[in-house]
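Biologist: I would like to learn how to read a structure feature by feature, starting with a metal site. Could you take me through one slowly?

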Amino acid sequence: MKNNMNEILTTNISDDQLIESEFNALLEDYMNSNHRKKVDIIKKAFNFAREAHKGIKRRSGEPYILHPIAVARIACRDVGLGSTSICAALLHDVVEDTDYTEEDIKAIFGEKIAQIVGGLTKISGGIFGDKASAQAENFKKLLLTMPEDIRVILIKIADRLHNMRTLGSMLPSKQYKIAGETLYIYAPLAHRLGLFAIKTELEDLSFKYEHPDTYEEISRKVAASEEDRIKLFKHFATPISEKLKALGVDFEIKARVKSIYSIWNKMQVKNIPFEEIYDLFAVRIIFRPHDYANEKADCWKIYSLITDIYKLHPERIRDWISRPKANGYRALHLTVMGPDGNWIEVQIRSEKMDDVAERGFAAHWKYKNGEADEESELDKWIKTIQEILENPEPNALDFLDTIKLNLFASEIFVFTPKGDLRTLPNGATALDFAFDLHTNIGSQAIAAKVNHKLVPLSHQLQSGDQVEILTSKNNTPSPDRLAYVNTAKAKTKIIAYLRKEKRSKISRGEKNLKIFLDKNELIFDTTLLNKLLNHYCLKKKEDLFLKIGRDEIETDETMRKLLKDKGDNLLLKYFKMAVGRKGDNLNLQVQEPDKKPTEKNPAIDRKATYILRDQAGVKNYSIAACCKPIPGDDVLGYINENENVIVHKRSCQVATKLKSSFGPRIISAKWADHNEISFSATIEIKGIDGVGVLNKITGIISENMAVNIKNITINVSDGIFDGKITIMVHDVQEVEKLCYSLKHIPNVKSANRINE
Ligand code: MN
């Protein structure tokens, strides 16, 4: 298609001829599709748009109308949309760029087309404004169009793809912005909607503009290795082809090379050079079943035929047929050992599955007059997006993050105790699962059982886990729970709960203060308010109400004295000075001897480094269950609601999240010497099984006087052993000493401390 256009341009034919020929190409695409042939309305839309954009050129110098035609072609050919969408694509810039209104479109083309064009006009600006808030606002608008009519976003993606294909004529500064936005939002969206071919092209184009040199280099290397690849593929595919032919299967077998962007991504993630990427291509078998009712069985027949020839990698079978991906993807993937000693992935799909895989199933979707199918995963996803939008996040960047969690996630499948299957994003925790079941279950969750074993709510789930949630009616979500969730849904629900709770505490505090003031015949004016704010070192009256509402500040004799005291001016000055110097005046409050003891610890100086010590076996901190640091680890402290210090490793992911959400509650922390209390640590040990190796391992551990074994498991298979040893130690040095001794046992290949 691109080549075509270049030829036409260089032969210098007129703009009109160029426009005609591009439009005819669109009509041809449309006639080749499965849609009903409503050519007239498409012609009408084309003529209308052509007239409206008349005389306008794109930056590249082409007539403007070529852009809407190109977008309509993508919508038709690459997304599989029908006449309504093609018309909307042809008209998509008319309301934005000319004097015509949505009303005009409605009068001429009817309500549906006008609505889609209206939706596209609303989101015509970029996602990335100059301000984060505008960014989120535009993004929100974009997402809001989805539940209404999915076609709006599909055409928007087509629009973006054409803009990316012609990005070269834009200013470089704009190129980066558009490329960045494409990679950040549009490629994941395309992926989530199952538009795999478009997603890949968007990523490659963005990457090309952001890293032109690297893009060139990888392309060159892919091209240079092509000959070898073809040889390898032929060697591999020939025996399969022969057997398939003998069975009378109607099929096509081809090699699919990884995209430039995903090669680069893999190089980054695995930290390896191009030469070490062994899965540069996958083999794809696409077959036409005699009867679509049997396509699943056919896939497994082909699977069995391949595994008769090549040895299967037992852990790399992906059955996306019995359980399709949320974006509708279906296929059977397996990895086998090729004749040249490389693992090769084979993807088996029917022609229909292939169409959905490449163009997404959005095209076959709902708006085709209410086939009341069982709710698809895509529907569920869109519902989640809607829920998030209904609980608006005050912080724009958080909002983007929340949505992005949902865009990128790949899925795991877990079971309820009754055996129902639920789909969750990869990385979901037991608490995410609880919120997925029901908001009440999430709110009241206290722990979980995974495969009948008791685990904390922060436990990350794996595909195939069976999960039971233990609840307590009295439990309510606390802010630190936010660190345990990875799904947008759970996050949104917790934040919504906390906000509601805060509001009700604020109004309770306000009420209590009013009762107190009335009783003491005090008037709530600015002077009084400022006195209180200064005294408790608060900024806003809402903060004061909140503290009162939470009983953290009591409306008692102390407050009465403070407010009634005649010498309050002097007193106030004194407080202000103290505040100025120390930044912490909460303890200046007069201590009443009969004051009720609170459960909370005294306030911790958040600026100083907190020393983690134990006196006579009593610790002044607790260890985070997620990362289980021990003395010697680099750590930080998190002050929880009860002013207790929880110690996390600095590298801990939960701590990273706490940092971004509760920055002021993070303090620096340092270990004092620990000789009394011991901590649990786990060592992973791997090696080659041989006579006496296991005896030597247990021998070394028990020889080590300071160390207590808590748990030991060692698995031996195919001559390799792999074990986990949990021990009680006093600090990192003891673990390291032990690892060092273990590594010196012959045949032990590695011994390292791991996170359990
Ligand atoms: Mn456009």
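Modeller: Gladly, and please keep in mind throughout that this model is predicted. To read a metal site, we list the protein atoms that act as donors, and here the manganese ion has His 67 (NE2), His 92 (NE2), Asp 93 (OD) and Asp 159 (OD), which lie 2.2 to 2.7 Å from the ion.

Biologist: How are the donor residues of the manganese ion spaced in sequence?

Modeller: The spacing can be written as H-x24-H-D-x65-D. Asp 93 belongs to the loop between helix H5 (83-90) and helix H6 (94-97), whereas Asp 159 belongs to helix H10 (residues 150-165), so this pair ties together parts that are 66 residues apart in sequence.

Biologist: Are Asp 93 and Asp 159 buried or exposed?

Modeller: Both Asp 93 and Asp 159 are buried. The helix that comes before the loop of Asp 93 can be read in the same terms, since H5 is mostly covered, with eight of its eight residues buried.

Biologist: Which residues of H5 are buried, and what covers them?

Modeller: The buried residues of H5 are Ser 83, Thr 84, Ser 85, Ile 86, Cys 87, Ala 88, Ala 89 and Leu 90. Their cover includes helix H2 (15-31), H3, helix H4 (66-78), helix H8 (111-122) and H10. As a single example, Cys 87 has a relative accessible area of 0%, and because buried means under 20%, Cys 87 is buried.

Biologist: When I see a cysteine, I wonder about disulfides, so how many disulfides does the structure hold?

Modeller: The structure holds zero disulfides. Another cysteine, Cys 739, also counts as buried, at 7% relative accessibility.

Biologist: Now to the nonpolar core. Which residues of the largest nonpolar core touch the most other members?

Modeller: One way to read a core is to look for the residues with many partners inside it. The largest nonpolar core has 65 residues, and those that touch the most other members are Leu 90, Leu 91, Ile 105, Ile 157, Ile 198 and Leu 202. H10 supplies the largest share of this core, nine residues. Apart from this core lies another one, of 33 residues, including Ile 604, Val 635, Ile 667 and Ile 701.

Biologist: What does Leu 91 touch, not counting residues up to four places away in sequence?

Modeller: With those sequence neighbours set aside, Leu 91 touches Ala 45, Phe 48, Ala 49, Ile 105, Phe 109, Ile 113 and Val 117.

Biologist: Phe 48 carries a ring, so how should I read aromatic pairs, and how many does the structure hold?

Modeller: A pair of aromatic rings is described by the distance of the centres and the angle of the planes. The structure holds twelve aromatic pairs. In one of them, the ring centres of Phe 48 and Tyr 100 are 4.6 Å apart and the planes stand at 50°, so the pair is tilted. The two residues are 52 residues apart and link distant parts of the chain, with Phe 48 in helix H3 (residues 39-52) and Tyr 100 in the loop between H6 and helix H7 (102-109). Phe 48 is buried, at a relative accessible area of 13%, while Tyr 100 counts as partly exposed at 32% relative accessibility.

Biologist: Could we practise on another pair, and then look at a group of rings?

Modeller: The rings of Phe 524 and Phe 545 have centres 6.3 Å apart and planes at 40°, so this pair is tilted. Phe 524 lies in the loop between helix H22 (488-519) and H23, and Phe 545 in helix H24 (residues 541-549), so the pair ties together parts that are 21 residues apart in sequence. Phe 524 counts as partly exposed at 38% relative accessibility, whereas Phe 545 counts as buried at 3%. As for a group, Phe 207, Tyr 215, Tyr 261 and Trp 264 form one aromatic cluster.

Biologist: Which rings have the charged end of a lysine sitting over them?

Modeller: To read such a case, we look at the distance from the charged end to the ring centre. The charged end of Lys 37 sits over the ring of Tyr 30, 5.9 Å from its centre, and the charged end of Lys 352 sits over the ring of Tyr 292, 4.5 Å from its centre.

Technical notes. Residues are numbered from 1 along each chain as its sequence is written. This is a predicted model: local features need pLDDT of at least 70, side-chain atom pairs count only at pLDDT 80 or more; totals for chains, interfaces and linings use all residues. Side-chain values use heavy atoms; hydrogens and water are left out. Donors are N, O and S atoms within 2.8 Å of the metal (3.2 Å for Na, K and Ca); water is not among the atoms, so sites may look incomplete. Helices (H or I, at least four residues) and strands (E, at least two) are DSSP runs, numbered from the N terminus. Buried means under 20% relative accessible area, exposed over 50%, partly exposed in between (1.4 Å probe, protein chains only). A nonpolar core is a set of buried Ala, Val, Leu, Ile, Met, Phe, Trp, Tyr and Cys residues joined through side-chain atoms within 4.5 Å. Contact means heavy atoms within 4.5 Å. A disulfide is a pair of cysteine sulfur atoms within 2.5 Å. Rings of Phe, Tyr and Trp (its six-membered ring) pair if their centres lie within 6.5 Å; planes under 30 degrees apart count as stacked, over 60 as edge-to-face and the rest as tilted. A charge sits over a ring if NZ of Lys or CZ of Arg is within 6 Å of the ring centre and within 35 degrees of the ring normal.
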